[in-house]
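User: Please explain how the terms used for this structure are decided. I should like each label to be set against its definition.

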Amino acid sequence: MHRRSNAGALRPQAVLGRGAVSNPAGRFEALREEAFDDGWDARDPPPERVPTEVIIDRTKSIIARNDSPDIPFDRSINPYRGCEHGCIYCFARPSHAYLGFSPGLDFETRIVAKPEAANLLRRELRKPGYNVGPLALGSNTDPYQPVERDLRITREILEVLREARHPTGIVTKSALILRDVDLIAGMAGEGLAQVMVSVTTLRRDLARAMEPRAAAPARRLSTITALKEAGIPVGVLASPMIPALNDSELEAILEAAAEAGASSAGFILVRLPHELKELFSEWLETHAPTRAAHVERLIRDTRGGTLYEAKFGERMRGQGAYAELLANRFRVASRRFGLDRKHPPFRLDLFRPPRAPGAPRSLFDGSV
């Protein structure tokens, strides 16, 4: 730690393969560290690599409920807390503070996994009086982040949902979802599965800096094509839109996604709650120093003069002239490229409670 001096704060340094450039304490921690320049430039260089640590979560429940009026689902499952994709703009970063971890580098290097998720889901779906409704998979962090390749928690969850014939919507920016096309396509054929693929930019250099361990933009577009060809309803999320950083690509993203096979689209204006404001500002100073002030000024213009407004209805879209222009551009482009349609409604009438955890599979109940 460098001592405070009159020389001012040290400029943050990028960490190879990671999005955040620092690891500040979360908002619930009593102690904080600050690095300051004492004029000797004596700071340690950033590590060449920061390894990923997987921590086991022994949670007792798996379905999260919400009653937010601007979210189109009331239940979700997140197989992981934290996300190795390292997207600097991720609104879920501040949630890591609840675990005593930093929303910075900890969020993308200390991944909390829920290996009992499938069994917990079985128990919850078997409860008397369970009322079926669309379940969002990966609403907070990506269910197909890199650790899923080995842990396969998301696949186990999908196996339970398929057995129960339970509707689910999946959001991801990973090509790893194609591993589970055998499950998802079968569910989609019964009106039980839909996918939204997040495409934030078409620029490989910007994607590498902004979301360093996520699939490259071209790979996401090819994933849309593969999902479409498998008969799975698939849309594109051009999110988040960041003023003066990727907003000029909005129309190009929608056009490319439509050509790839997307049939619907959505977008969200960048959200910077809690610690994310400082983390994003650090990232701008490191990766886009000449436009940092302009980006932040435009964000403030959409948030009533602040970097974030949590009000329902405005947190996703913002307010003011810029926000209105962006929304109009999205509507026009979506209509132009045939993305202004909605996916067919989920089937809710096919649900049946899955077998009990540990019960043998049967040739007659559809579980094999």
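**Labels and their cut-offs**

User: Why is Asp182 called partly exposed?

Analyst: The relative accessibility of Asp182 is 48%, and Asp182 therefore counts as partly exposed. Buried means under 20% relative accessible area and exposed means over 50%, with partly exposed in between (1.4 Å probe, protein chains only). Please note that the model is predicted, that local features need pLDDT of at least 70 and side-chain atom pairs pLDDT 80 or more, while totals for chains, interfaces and linings use all residues. Residues are numbered from 1 along each chain as its sequence is written, and side-chain values use heavy atoms, without hydrogens and water.

User: How do you know that Arg155 and Asp182 form a salt bridge?

Analyst: The term requires a side-chain nitrogen of Lys or Arg within 4 Å of a carboxyl oxygen of Asp or Glu. For the side chains of Arg155 and Asp182 the N to O distance is 2.8 Å, so the definition is met. Arg155 belongs to helix H4 and Asp182 to helix H5 (residues 181–189), and the pair links parts of the chain 27 residues apart. Helices are DSSP runs of H or I with at least four residues, strands are runs of E with at least two, and both are numbered from the N terminus. Arg155 counts as buried because its relative accessibility is 13%. Both residues also belong to a network of salt bridges that links Glu148, Arg155, Glu159, Arg179, Asp180 and Asp182.

User: What makes Glu190 and Arg165 a salt bridge, and where do the two residues lie?

Analyst: Their closest N and O atoms are 2.4 Å apart. Glu190 is in the loop between H5 and strand E8 (193–198), and Arg165 is in the loop between H4 and strand E7 (168–172), so the pair ties together parts that are 25 residues apart in sequence. With 30% for Glu190 and 22% for Arg165, each counts as partly exposed.

User: How many salt bridges does the structure hold, and which residue does Arg213 pair with?

Analyst: The structure holds 19 salt bridges. Arg213 pairs with Glu84, the closest N and O atoms being 3.0 Å apart. Arg213 lies in the loop between helix H6 (204–210) and helix H7 (217–229), and Glu84 lies in the loop between E4 and helix H1 (105–109), 129 residues apart. Glu84 is buried because its relative accessibility is 8%, whereas Arg213, at 28%, is partly exposed.

User: Why is there no disulfide between Cys83 and Cys87?

Analyst: A disulfide is a pair of cysteine sulfur atoms within 2.5 Å. The sulfur of Cys87 is 6.1 Å from that of Cys83, its closest cysteine sulfur, and is therefore too far for a bond. The structure holds zero disulfides. Cys83, at 7% relative accessible area, is buried, and Cys87, at 6%, is buried as well.

User: What makes E1 and E5 a pair of strands?

Analyst: Two strands pair if DSSP finds at least two bridges between them. E1 and strand E5 (residues 110–113) have four bridges and run in the parallel sense, so they qualify. Ile55 stands opposite Val112 in E5. The open sheet has the order E1-E5-E4 with mixed pairing, and its edge strands are strand E1 (53–56) and strand E4 (80–81).

User: Which strands stand at the edges of the seven-stranded sheet, and why are they called edges?

Analyst: That open sheet has the order E2-E3-E6-E7-E8-E9-E10, with mixed pairing. Strand E2 (64–65) and strand E10 (265–266) each have a single partner strand, so one side of each is left without a neighbour in the sheet. E2 and strand E3 (residues 75–77) run antiparallel and are joined by two bridges.

User: How do you know that Ala323 is buried, and which residues does it touch?

Analyst: Ala323 has 6% relative accessibility and therefore counts as buried. It is found in helix H11 (residues 320–336). Contact means heavy atoms within 4.5 Å. Apart from neighbours within four places in sequence, Ala323 is in contact with Thr302, Arg317 and Gly318. The C-alpha atoms of Ala323 and Thr302 are separated by 5.9 Å, although the residues are 21 apart along the chain.

User: How much of the whole protein chain is buried?

Analyst: Of the 368 residues in the protein chain, 51% are buried. The protein chain contains 11 helices and 10 strands.
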